[in-house]
Each structure stands twice: as C-alpha cells, then as structure tokens.
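Visitor: Hey, got a minute to walk me through this one? I'd like to start with how contacts are counted.
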Amino acid sequence: MILVLLWGISIASVFAQAVFQRTSLAVYDIAILFVICVAAGALTQDFTKAIFGYIGAMILGMTILFVLAIIPVLTGTVAPPGDQFLIVLWISILVQQTFPTTMLLLFAGSIIGAGLAEHYWY
Amino acid sequence: MEVAARARDILTMIFLITTVTSAGVAGVFTYHYVQFFPSMKELRLDISLLSFNPTPLSLNATVIFKVTNPSSYSGVSLTDFVTNFTIQAPGNVIIPQGFVDVYIRPKALDSQNQITLRVPITGSRDGPYKIYQLLNTYTPSQFRFNFTSTVFVSTFLQSYATVQAIYECTTTINTGSCDQAAVLLKTHPGPGTSAGGG
C-alpha cells in the first residue's frame, strides 16, 4: 500500500511539474516516469503486484493531478461558466498526455522492473 | 540473498527520496499555477494619452494604451490587441467607428512589466466628417471615446486555449479610465470552439 501511495505521488509530481509549465510531457519527463515505474515495479518483486500496483498508482496519481489542476475551481478563483470549461480542458489535456503511449510505456516499465527483480533478486 | 536485500533497501531509499524531491518540485510549480488565474484578473489596461485633431477625412487621433502585469506571476506574453470604439459627441450622439487591430510582436508581460501600445486612429465611414462638422459647435475636449478592448495573452495553456482580457475604457483628451469586464479562456478558433468566463 505504501509503495503504491509513493508511486502514485511520484507519477502525479512528475506530471504536475510538466503540465503546469507547458501542458505537455517532454521526453525527459517520460524518461523519469519510466525509471520511476521500473524502480517501483522492481520493489514489488512480483508481476501480479507490479500490474495491480501500477494500475493503482496511475489511478491515484491522475486523481491527485486532477485535483491539483482544478484547485482554481475548488477555491472559487474561476467562477462559472469558466469552471466547467477549465475542468473539461484539464480532462482533455490529461487524457491526451496519458493515453495511450505514456500509459503503455509506464506499464512496460513496471513489468520490466518486476522482471529485473525476479531475475536478479531471487 | 543478503546482497539482494541490501539492493532492495537502497532502491527503496532512492525511491523514497525521489518521491519526496519530485513532490517538492511539483509543489513549487503547482503554487505557480494556482497564482495564474488571479494574476490574469489583475492585468491592467490604462489609457495614458488621447490626442485628437480631426480633419474631414481622418480623426487624426492617437491613443496610448498601457498594459500592466502588477502581479508576481511571470510567464505570459502579450500577443494581440483589438479594440472596438465609439465616439460620444455632446448631446449623447453616438458615432460607432468599428475595430482597430494592433499588430504586436509577442512581448513578455512578466511580473511588474508594462507594455505601451501606441494606437493611431483614423476613423471609418463618415465618422471623421461628422466629428469635423460638430467641431464647429463643440471643442475636442467635449468628445468622449468609448473603447471595448481585448488583450490577447499567450500563456502556458497556449497549446490548448488562449486567454483574453476584455476592458471597457472611456476617455476624453483630459482624462480616461479602464475597467476589466471579463477574462475569457477560449479554445483556439475552429470546430467545437467553446468559451468560459473567469
């Protein structure tokens, strides 16, 4: 559980510094996310745990990121109807930045991490 | 096995440190992002000068607008300025004069920055001639210029949406003032354009 929590926070953090600067992930952002997923996958030491851990971390990470993105709406800084527009805009940005390439790449990273752990640590 | 356990511990520590560090960095950028919308509401437009010396063919006027970012937020730039204006003559005679689009090479509108826009106004249709005729009866200082101006701002959201700040300005040759009417976040023109007010 703690690993999934840290994993999700890491994913949200890397995404946040990228999208709050330029709304897109640079190559090095994806590289950092990939390394994080390889490391987290290795720490699970198990393929099944890595798969479910990754799914949980992505859900947690994207939820944290979305909540951060709509802080101006939650605090009332952006009033209606702009609030609805901002929510839709951020959903659009996050979906475009996540699906499908980044998500599949990070999934692969998690599996590779679990594979490396099984190979070298057992 | 002991080496493997030690490697796992080291990796766990590195993972923990990476998480804390990345969360700290993300916190800084999130704070910066949260400042973005209030700073757009703080953007100011002022008219520092209106000169007005009409001929039958031209209003021969110049307006100097000043766009200021008084907030602590940096990372935006001014990309376009469009203004629609009417002239209000004594007796409440309104003479619409249409749009003026000021070409601007994008300029950084960082914290505490001010951008000066010199806008020449010639007038349109029979407006200049009407004003010229009215000047036989009134003085230039009795004419009021009413501007609805849109400031286009390029931001970090530029790939997805533009920010437009709209101002209502009213000025005579002696004094003028502007009030922000709205800040709009709009998707780029094209199919499915939508807008929101802030």
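Guide: Sure. Two residues are in contact if their C-beta atoms, placed from the backbone, lie within 7 Å. Keep in mind that this is a predicted model.

Visitor: Okay, so in chain B, what share of contacts between residues at least 6 apart in sequence join residues at least 24 apart?
Guide: That share is 65% in chain B.

Visitor: And what's chain B built from?
Guide: Two helices and nine strands. Going along the sequence of chain B, the order is α-β-β-β-β-β-α-β-β-β-β.

Visitor: What radius of gyration does chain B have, next to a compact globule of 198 residues?
Guide: Chain B comes out at 25 Å, while a compact globule of 198 residues would be near 16 Å. Its C-alpha trace spans about 100 × 35 × 25 Å along the principal axes.

Visitor: How much of chain B is buried?
Guide: Buried residues account for 28% of the 198 in chain B.

Visitor: Switching to chain A: how far does helix 2 reach?
Guide: Helix 2 of chain A covers residues 27–44 and runs 26 Å from first C-alpha to last, close to the 26 Å expected at 1.5 Å a residue.

Visitor: Which of its residues are buried?
Guide: The buried residues of helix 2 of chain A include A:Leu33, A:Ile36, A:Cys37 and A:Val38, and also A:Leu43 and A:Thr44.

Visitor: What covers them?
Guide: The cover includes helix 1 (2–22), helix 3 (47–69) and helix 6 (101–121) of chain A, together with helix 1 (2–42) of chain B.

Visitor: And what follows helix 2 of chain A?
Guide: A:Gln45, with a positive phi near 60°.

Key
Residues are numbered from 1 along each chain as its sequence is written. Chains are lettered from A and ligands numbered from 1 in the order in which they are written. This is a predicted model: local features need pLDDT of at least 70, side-chain atom pairs count only at pLDDT 80 or more; totals for chains, interfaces and linings use all residues. Helices (H or I, at least four residues) and strands (E, at least two) are DSSP runs, numbered from the N terminus. The radius of gyration is taken over C-alpha atoms; the globule rule is 2.2 Å times the number of residues to the power 0.38. A residue is buried if 20 or more other C-beta atoms lie within 10 Å of its own, exposed if 12 or fewer, and partly exposed in between; C-beta atoms are placed from the backbone. The expected span of a helix is 1.5 Å times one less than its number of residues.
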